[in-house]
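Hi there,

Here is the structure I promised to pass on to you. Have a look at it first, and then read my notes underneath.

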Amino acid sequence: MTALRNILIRLSTTAVTLFGVAVIVFVVIRVVPGNPIAMMLPPGATDDDIARLEALYGFDKSIFQQFLIWGAGVLQGDFGTSISLRQPVADLVLGRLPATLELSIVALVMAMLLGGALALMGTLYRDTTTEAAVDVTAGMALSIPDFLWGLVLILLFGVLWPIFSISGRVSPSLDFDFATNFYLFEALLRLRFDVVGHLLSHSFMPALALAIPLAAIIAQLLKQSLKETMHLDYVTLARTKGYSEQHVITREALPNAVLPTLTLIGVQFTFLIGGTVIIERLFSYEGLGNMAIDAVINRDLPLIQGIVILFALLFTVINLLVDMLYVVLNPRLRHA
Amino acid sequence: MMYEIRDLRLSFPDLAHKPLLGAAPRVEVLKGISFDLPKGTVLGIVGGSGSGKSTLGRAMLRLLKPDAGSIRFDGTDITHMDEDALRGMRRRFQMIFQDPMSSLNPRRRVGGLIAGPMRLHRMDNVDARVKEALDMVGLPQSFAARYPHELSGGQRQRVGIARAIALRPDFILADEIVSGLDVSSQAQVLNFLGELVRDLGLTLAFISHDLSVIRRLCTRVLVLHQGEIVEEADTAQLFDAPRADYTRELLSAIPLPDPHQRWV
Amino acid sequence: MSAYLSIRNLTVRLKNGPVILRSVSLEVAAGQVHGLVGESGAGKSMIGKTLLGTLPRAMEITAGEIWLDGTELLSQSPADRRRRIGATAALIPQDPLTALNPSKRIGPQITRRLVDILGWTAADADARARELLDEVQIPQISRVMRSYPHELSGGMRQRILIASAFAAEPKLIIADEPTTALDVTVQKQILRLIRNMQHRHGTALLFVTHDLGVVSKICDTLSVLYAGKVVEEARMQRFFMRPIHPYSQALLAATPSYLDPEGSLMPVPANVIDAVEEEVRFHDIRAGTR
Amino acid sequence: MRDARAEVKRPIGLRLWLSGGWIALLALAAIFAPLIAPHDPLAQDLFLGRMPPFWMDGAEPGYWLGTDSLGRDVLSRIIHGAQIAMIVALVAGTITCVIGASLGLMAGYYRGWADRVISRLVDIWMAFPPVLFAILLIAVLGPGLMSIIIAIIVIDWTRFARVIRAEALTQGAMDYVASAQVAGRTRFSTMLAEILPNVLPTVVALLTLEMGIAVIVEAILSFVNLSISTDSPTWGGMIAEGRTSVHQAWWVLVFPLVALFLTVLSFSQLGEGLKDRFDPVLR
């Protein structure tokens with residue numbers, strides 16, 4: 001009852017948020033000084049040519065009218081046509097989305113494994129130098145953003161000890177016909193583990209760069225809430241019942257300590273996806289973010305709009321899912 | 001009369017049961033409380049958890065706004081008075097809080113904690129008054145330079161008391177101020193609070209769950225149960241001949257430090 | 001009367017820091033209730049923690065023996081000790097609100113350990129849990145066993161914890177301020193319940209509390225602690241009628257009673273504190289810990 | 001025991017010295033860049049292209065950290081790059097902090113409609129990928145130092161607003177706020193005199209963190225070639241250049257990267273160190 005109500009409230013605020021994002025992008029982009037149409041045409045184009053193209057893309061109307069036209073199109077699934085790539089925005093964006101999603105999910109999994117392992121290690125060896133080492137590692141990893149980690153990784157595993165590929169999503173030499181743009185999942189489903197390995201060797205470094213700061217946050221928060229939970233009476237009680245330390249941590253403390261970390265992972269995962277923009281650029285990875293930067297440089301207004309709205313939608317959906325997961329995992333909310 | 005309280009009602013929204021649209025249902029915490037508090041009385045307000053005793057206290061100081069009923073303080077109706085108008089009167093009714101760790105701003109020194117309210121009310125000789133207040137609660141003057149976290153629980157509670165009495169209020173509300181203390185600190189705080197009340201002619205409302213403590217200090221007692229007054233009586237009468245069933249239950253449940261009490 | 005639990009000269013200190021327990025010795029006979037009384041910081045909870053092996057890691061045991069049912073515990077490996085404690089002793093914790101795992105249903109919280117640690121069958125454990133919940137007067141047992149902790153009142157949860165503590169018929173139960181968080185009316189019911197259960201099952205009970213009133217209602221014998229040192233050990237009746245140590249006398253004088261409104265409520269006098277501090281110092285010098 | 005603990009002066013942490021030292025060094029380098037840089041950071045010399053640092057074979061004397069493909073001195077460019085990094089850190093960091101922390105403080109303390117408006121704005125902001133938002137803003141505002149500072153403020157005020165709002169909410173529920181009301185303090189004065197000092201350590205930690213982030217944002221924008229005109233040397237620009245020739249001349253990438261790395265790390269550690277050092281409430 002309460003859970004359902006919260007989800008409904010979230011859905012309505014999500015709509016408001018998306019509308020706000022659309023308005024801001026629309027207004028911000030349209031005060032760009034450079035004329036995007038002029039950039040598309042060859043040098044000797046006449047004013048007439050420019051006017052004709054402006055009419056074609058609707059730039060001769062007021063911002064408000066443009067917004068109405070664009071909005072009406074969006075409601076029918078039409079995000080307009082890219083100026084620089086001359087293809088429907090929806091096709092372009094959806095074509096690139098799988099690459100970014102796969103990268104983000106690989107990074108998320110890495111972050112959870114790394115962060116979880118660090119947190120458990122710090123808890124198991126609490127009040128020792130091991131815990132202090134975990135704290136220092138996490139503190140340093142956290143204060144360095146993904147962009148710098150990406151560069152460090154390029155130097156380490158691309159130059160110094162070149163075992164991973166530093167650019168692209170696949171090598172041109174790969175001989176494999178993908179039916180979808182979800183390369184990694186497709187290869188997994190088709191049980192082509194050689195291809196999975198190839199893909200992972202390409203996404204390993206960008207994913208790790210994205211994962212390190214998040215892993216540090218997870219390690220810190222999970223360890224903190226584990227330590228707090230370890231002081232609660234039910235954990236003490238479990239110990240006195242004769243269970244081993246490992247059992248007490250993983251079976252009694254962890255399920256409850258995970259909850260606060262989980263909500264945090266939701267927000268942090270959206271930050272991670274936001275980070276793909278620059279990381280994809282850094283590793284020449286053909287995803288949404290890389291396309292977004294090109295779109296901004298080319299002043300490709302419809303494409304920018306489409307990408308930003310898609311990111312916003314992705315973020316709000318993730319937060320919604322995390323909230324629902326939280327309700328499912330927390331018995332206190334489930335029956336309230 | 002220090003306080004005249006009539007049919008006081010107060011409720012909180014129950015956010016756990018709020019429907020999607022519209023206001024949350026309200027949980028009544030005070031269900032029509034009426035009593036008079038004459039000047040010079042030391043009133044004990046006793047009740048179990050959830051009886052509404054702290055809510056009543058905070059409503060008397062207008063930290064909470066009642067839904068209905070009226071509160072008259074020294075003849076003035078303060079039920080719906082706005083915060084600006086109240087501010088001028090606030091010096092006259094003060095409060096000592098249950099948890100001094102939370103009620104003393106951790107970033108102020110003891111001296112500043114006591115002086116702050118006096119400066120707000122533009123009192124003169126603030127430094128001298130701080131020293132006097134520390135003397136009254138039996139703390140050395142050097143404590144003015146300390147932070148709350150450098151004090152023990154009993155010492156912190158005395159700072160809370162010093163802060164309240166330094167303003168020379170007419171009325172003080174003490175909300176469970178000894179429940180977090182060891183018996184020895186508790187005895188100390190109770191003893192000198194009793195002396196202060198006598199010396200300064202204070203009117204005091206003392207909220208507690210512990211009837212033994214109430215009997216030490218109070219001249220009159222209100223017994224609260226689930227938001228209603230179940231008994232109001234002079235202290236001796238309440239303990240010698242309790243009228244309400246709940247009072248009797250409460251009295252018989254207190255474990256006295258006496259092996260001969262018939263109990264278990 | 002043979003001592004079921006016997007603690008001898010137990011000394012615990014903060015690693016590189018102050019001493020927490022100073023050569024504490026005490027005995028609890030089978031079927032008896034022994035009270036551990038003291039003000040905050042006296043170390044009374046630490047004794048239970050040492051016994052159960054849940055001492056904070058910053059603390060270490062520097063000397064002493066703990067004999068439980070004829071076996072010395074501190075010379076055993078931590079794992080052996082844990083197993084031994086798990087099989088013979090149980091804890092009733094202080095705060096019923098945090099003592100049940102919020103993400104698990106009540107039933108498994110009582111039965112899991114019987115199955116996991118003691119090797120019972122699931123059916124036996126279930127039957128045992130029902131039997132005990134009935135004994136602690138829980139209504140609608142099936143429904144309660146399917147509930148989550150947050151769906152039950154504080155009093156109910158404390159009853160469940162008591163039932164759980166008695167589930168494996170332990171020979172020793174340690175109750176760490178089990179009623180401090182409860183209203184007096186509920187406290188009375190819970191104390192009565194603990195006393196009845198203890199009596200019926202013949203369990204030795206170590207009862208930690210700061211409340212002399214509670215001690216006089218439930219204990220057969222008691223130890224008074226100050227600064228980690230036992231200053232007086234006595235039978236309950238004798239203690240309340242003729243406390244010997246000045247600190248005990250002062251503590252009794254500071255405890256208010258509504259029957260005695262005019263009697264002087266005496267804070268523990270400074271000279272008593274000084275005298276006890278002197279004793280503590282003397283003890284430390286003798287023990288070479290200062 | 002309590003009193004003794006308060007008497008113990010905790011030693012100023014090593015990390016406070018190290019991080020503070022690096023920042024101070026950088027600030028000095030930025031101020032006196034023209035005096036200490038051995039070469040003109042813009043001077044090109046195609047005959048001196050891709051000279052390795054001093055300890056390697058083929059190094060050119062006087063070019064301590066080598067040269068880039070256009071023969072510009074890497075060390076001089078790093079020193080001059082510190083100017084832009086420091087200006088962005090100080091100006092953008094401080095303004096972002098003041099705006100974001102004020103909004104967060106008001107939202108968390110006053111709650112009600114102020115909170116609803118500010119929180120909704122934060123929600124909308126959080127739906128933008130920040131790097132993309134920054135790039136978009138720079139595209140709109142045109143490149144330049146001012147644009148970068150504005151972009152950082154516009155994007156990152158939410159970081160302060162969110163954290164400080166949550167802190168102010170917690171502090172607002174404490175009894176010392178009720179006791180200020182009992183004493184007759186106004187709401188506004190309570191916020192400034194009672195709540196603010198208690199959230200200040202968090203603000204300081206966030207501020208220095210933000211300074212590091214500002215340096216990174218500038219580097220990222222230079223990296224995608226949107227920051228400042230390519231004439232002025234920036235660490236981000238050097239990194240972008242180094243990235244393309246990393247297999248031929250790794251030093252063009254490594255040295256500005258090290259400078260950036262140390263700066264960001266120092267800023268965040270400085271904040272934590274200051275928080276520990278100057279918080280009277282020992283935790």
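Below is what I found, going from one chain to the next.

Before anything else, keep in mind that this is a predicted model.

**Chain D**

Let's start with chain D. It has 11 helices and 0 strands, so if you follow the chain from the N terminus, you meet one α element after another. Along the principal axes, the C-alpha atoms of chain D fill a box of roughly 80 × 50 × 30 Å. The chain has 283 residues, and 55% of them count as buried.

How do the contacts in chain D split up by distance along the sequence? Take the contacts with a separation of 6 or more: 73% of them are between residues 24 or more positions apart.

Now the surface. Chain D exposes about 12,300 Å², and 68% of that comes from carbon and sulfur atoms. As for charges, chain D has 20 positive and 21 negative ones, and the mean positions of the two sets are 12 Å apart.

**Where chain D meets chain A**

On the chain D side, 34 residues are in contact with 48 residues of chain A. The area buried between chain D and chain A is about 3,600 Å², with 85% of it from carbon and sulfur atoms. How many salt bridges does the rule find across this interface? The count is 0.

**A residue to click on in chain B**

Try Leu204(B), which sits in strand E8 (residues 203-208) of chain B. Is Leu204(B) buried or exposed? Its relative accessibility is 1%, and the cut-off for buried is under 20%, so Leu204(B) counts as buried. Leaving aside residues up to four places away in sequence, Leu204(B) touches a set of residues that includes Thr41(B), Val42(B), Leu43(B), Phe171(B) and Ile172(B). Also among them are Ala174(B), Leu193(B), Val197(B) and Leu217(B). Pro13(B) is another matter: Leu204(B) and Pro13(B) are 191 residues apart in sequence and 30 Å apart in space, C-alpha to C-alpha.

**Salt bridges**

Over all chains, the structure holds 49 salt bridges. Here are some to look up.

In chain B, Glu232(B) forms a salt bridge with Arg220(B), and their closest N and O atoms are 3.4 Å apart. Glu232(B) belongs to strand E10 (residues 228-234) and Arg220(B) to strand E9 (residues 220-225), so this pair ties together parts that are 12 residues apart in sequence. Glu232(B) is partly exposed, with a relative accessible area of 23%, and Arg220(B) counts as partly exposed at 23% relative accessibility.

Arg220(B) also meets Asp234(B) in a salt bridge, at 2.8 Å from N to O. Because Arg220(B) is in strand E9 and Asp234(B) in strand E10, that pair ties together parts 14 residues apart in sequence. Asp234(B) is partly exposed too, with a relative accessible area of 40%.

Over in chain C, the side chains of Arg83(C) and Asp80(C) meet in a salt bridge, 3.5 Å from N to O. Both residues lie in helix H2 (residues 78-88) of chain C, 3 residues apart, which is about one turn of the helix. Asp80(C) counts as partly exposed, at 38% relative accessibility.

Finally, go to chain A. Which residues are linked in a network of salt bridges there? They are Asp127(A), Glu131(A), Asp135(A), Lys223(A) and Lys227(A).

Cheers

Definitions and conventions: Residues numbered from 1 in each chain as written. Chains lettered and ligands numbered in written order. Predicted model: local features only at pLDDT ≥ 70, side-chain atom pairs only at ≥ 80, totals over all residues. Heavy atoms only, no water. Helix = DSSP H or I, 4+ residues; strand = E, 2+ residues; numbered from the N terminus. Buried < 20%, exposed > 50% of the residue type's maximum accessible area, 1.4 Å probe, protein only. Contact = heavy atoms within 4.5 Å. Areas by Shrake-Rupley, 256 points an atom, 1.4 Å probe, with all protein chains shown as cover. Lys, Arg positive; Asp, Glu negative; His and termini not counted. Charge placed at Lys NZ, Arg CZ, Asp CG, Glu CD. Buried area = accessible area lost by both parts, 1.4 Å probe. Salt bridge = Lys/Arg side-chain N within 4 Å of Asp/Glu carboxyl O.
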